[in-house]
Amino acid sequence: MISSSTATNNAESKWTSTNVALGAGVSAIALFGLAESVKTDESEHGLHAPAYNWPHDGFFNSYDAASIRRGHQVYQQVCAACHSVEQLAYRNLVGVCYTEDEVKEMCLEIEVTDGPDDTGEPFERAAKLSDKIPSPYMNEAHARFANGGAYPPDLSLITKARHDGQNYVFALLLGYRDPPAGVSVREGLHYNPYFPGGAIAMPKMLADGGVEYDDGTPATESQMAKDVTTFLAWAAEPEHDERKLMGAKWVFVLCLVAFQAVYYKRW
């Protein structure tokens with residue numbers, strides 16, 4: 001009897017050990033598969049950007065006009081050589097980050113193509129408040145030719161067109177680094193883990209002191225990235241502050257109506 005019991009216990013112990021080993025193996029394979037899946041997703045779609053605390057994200061928060069102005073400076077001096085904001089007109093800047101006189105003075109330095117004139121020919125003139133901010137290129141073919149085949153996207157709606165737009169743009173601007181071991185980037189491209197595929201044609205554009213702000217704010221790399229991201233977020237939604245203000249007014253009115261309704265129906 002003792003011998004039979006011992007044999008049974010040994011068999012059960014071996015069965016349990018086998019199951020534990022099998023379970024551990026399955027778990028290891030699952031974890032490996034998950035890791036490979038995450039690695040593949042990051043390589044195809046880019047590393048997911050961290051969630052940053054943007055001061056204008058709150059229900060009752062508005063854009064920082066000073067940050068929009070600084071961001072426009074960064075766009076003008078750094079981004080405008082390749083990227084357009086064709087959905088934005090000069091008049092949109094008035095009362096938000098510049099006075100009307102400042103924008104008119106800015107327009108005097110910009111020439112736009114207009115026409116036809118009395119002879120049927122196009123002509124150049126100084127920009128007006130009603131003009132859209134001009135693109136640096138005549139068309140897509142011109143842009144690709146000037147950038148080795150790469151097409152710099154229009155930035156008017158970039159924070160709406162990309163997943164987690166503001167965080168993505170900010171992380172992308174600060175995400176340039178040397179490729180890790182085993183990752184090769186072909187000539188003419190630059191490694192950035194936040195860009196889909198990890199290789200981007202745009203080189204690192206921001207560096208400390210690259211812009212001299214009108215208000216004296218130190219132009220660190222992260223400060224410039226924050227400001228230009230704020231500017232682009234505003235450019236994609238210029239009515240943002242008015243919409244929030246209108247929403248707050250409606251919520252206040254609805255609260256008054258609800259209070260009145262409850263008061264008169266209290267019995």
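In the predicted model, A201 makes contacts beyond its neighbours within four places in sequence, namely with A150, G188, L189 and H190. The residue belongs to the loop that runs between β4 (199-200) and α7 (221-236). Of these partners, A150 is separated from A201 by 51 residues in sequence, yet the two C-alpha atoms are 6.7 Å apart in space. With a relative accessible area of 35%, A201 is classed as partly exposed, because this value falls between the 20% and 50% limits of that class.

Salt bridges were assigned next. Side chains of opposite charge can pair when their charged atoms come close. The count for the structure is 11 salt bridges. One of them joins the side chains of E100 and K104, with an N to O distance of 3.1 Å. Both residues lie in helix α3 (residues 100-108), and because they are four residues apart there, about one helical turn separates them. Each partner is partly exposed: E100 has a relative accessible area of 40%, and K104 has one of 41%.

A further salt bridge is formed by R125 and D114, whose closest N and O atoms are 2.6 Å apart. This pair links distant parts of the chain, since R125 is located in strand β2 (residues 123-126) and D114 in strand β1 (residues 111-114), at a separation of 11 residues. The two ends of the bridge fall into separate accessibility classes. R125 has a relative accessibility of 18% and therefore counts as buried, the limit for that class being under 20%. D114, at 29% relative accessibility, counts as partly exposed.

The side chains of E237 and R243 also meet in a salt bridge, at 2.7 Å from N to O. Here the acidic partner is the buried one: E237 has a relative accessibility of 13%, whereas R243, at 43%, is partly exposed. In addition to these pairs, a network of salt bridges links R69, E102 and D214.

Nonpolar side chains at the surface were also examined. F252, V253, L256 and V257 form a nonpolar surface patch, and together these residues have about 370 Å² of accessible area. F252 is found in helix α8, which spans residues 240-264. The relative accessible area of F252 is 53%, so this residue is classed as exposed, the class being defined by values over 50%.

The cysteines were considered last. The structure holds zero disulfides. For C82, the closest cysteine sulfur is that of C79, and the distance of 9.0 Å between the two sulfur atoms is too far for a bond. The criterion for a disulfide requires the sulfur atoms to lie within 2.5 Å, and the C82 sulfur therefore remains unpaired with its closest counterpart in C79. In terms of accessibility, C82 is partly exposed at 30%. C255 is likewise partly exposed, with a relative accessibility of 48%.

Note on methods: Residues are numbered from 1 along each chain as its sequence is written. This is a predicted model: local features need pLDDT of at least 70, side-chain atom pairs count only at pLDDT 80 or more; totals for chains, interfaces and linings use all residues. Side-chain values use heavy atoms; hydrogens and water are left out. Helices (H or I, at least four residues) and strands (E, at least two) are DSSP runs, numbered from the N terminus. Buried means under 20% relative accessible area, exposed over 50%, partly exposed in between (1.4 Å probe, protein chains only). Contact means heavy atoms within 4.5 Å. Patches are made of residues with over 30% relative accessible area and no salt bridge: like charges are joined within 9 Å, nonpolar side chains (Val, Leu, Ile, Met, Phe, Trp, Tyr) within 5 Å. Accessible areas come from the Shrake-Rupley method with a 1.4 Å probe; for residues, only the protein chains shown count as cover. A salt bridge is a side-chain nitrogen of Lys or Arg within 4 Å of a carboxyl oxygen of Asp or Glu.
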